[in-house]
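Please open the model in your viewer and set it to a cartoon representation. The tour below proposes a series of selections and states what is to be found at each.

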Amino acid sequence: MTDDSMICAGIDVGKSHLDIAIHPGDARLRVTYDAAGLKRLDAFLQEHDVKSVG
């Protein structure tokens, strides 16, 4: 991957959970919409070096 490539995450927000997809790639995650889930989401985004969320 070159330095000008950007890894993005899309997040679908629901009442009880968040669905996350990484692009490019096929990484997916579903977390609960609470403090524990947000902590897990943060780790997931960092693990995949996400630069943009939409």
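The stops that follow go from the sheet to the helix and then to the core.

**The sheet.** The model is a predicted one. Begin by selecting the four strands, which form an open sheet in the order 3-2-1-4 with mixed pairing. Strand 3 and strand 4 stand at the edges; each has a single partner strand, so one side of each lacks a neighbour in the sheet.

**The hairpin.** Next, select strand 2 (17-23) and strand 3 (28-32). These two strands pair in the antiparallel sense over five bridges. Two positions may be labelled here: Leu18 stands opposite Val31 in strand 3, and Ala21 has Arg28 of strand 3 as its bridge partner. Four residues lie between the two strands of this hairpin, and Gly25 in the turn has a positive phi of about 120°.

**The two faces of strand 3.** Display the side chains of strand 3, which alternate along the strand. Leu29 and Val31 are buried and point to one face, whereas Arg28, Arg30 and Thr32 point to the other and are not buried.

**The helix.** Now move to helix 1 (35-47). Its 13 residues should span 18 Å at 1.5 Å a residue, and the end C-alpha atoms are indeed 18 Å apart. Which residues of helix 1 are buried? They are Gly37, Leu41, Phe44 and Leu45. Their arc around the axis is only 95°, which means that they lie on the same side of helix 1. An α-helix has 3.6 residues a turn, so residues three or four places apart point the same way. Rotate to the other side of helix 1, where Ala35, Ala36, Lys39, Gln46 and Glu47 are exposed. Just after helix 1, select Asp49, which takes a positive phi of about 55°.

**Where helix and sheet meet.** Show the buried residues of helix 1 together with the strands: these residues pack against strand 1 (8-13), strand 2, strand 3 and strand 4 (52-53).

**The core.** Finally, select the largest nonpolar core, which has twelve residues in all: Ile7, Ala9, Leu18, Ile20, Ile22, Ala27, Leu29, Val31, Leu41, Phe44, Leu45 and Val50. Strand 2, strand 3 and helix 1 each supply at least two residues of this core. Centre the view on Phe44: leaving aside residues up to four places away in sequence, Phe44 touches Ile20, Ile22, Ala27, Arg28 and Leu29. In soluble globular proteins, nonpolar side chains tend to be buried together.

Terms used. Residues numbered from 1 in each chain as written. Predicted model: local features only at pLDDT ≥ 70, side-chain atom pairs only at ≥ 80, totals over all residues. Heavy atoms only, no water. Core = buried A, V, L, I, M, F, W, Y, C linked by side-chain atoms within 4.5 Å. Buried < 20%, exposed > 50% of the residue type's maximum accessible area, 1.4 Å probe, protein only. Contact = heavy atoms within 4.5 Å. Expected span 1.5 Å × (residues − 1). Arc of directions from axis to C-beta. Pairing = 2+ DSSP bridges.
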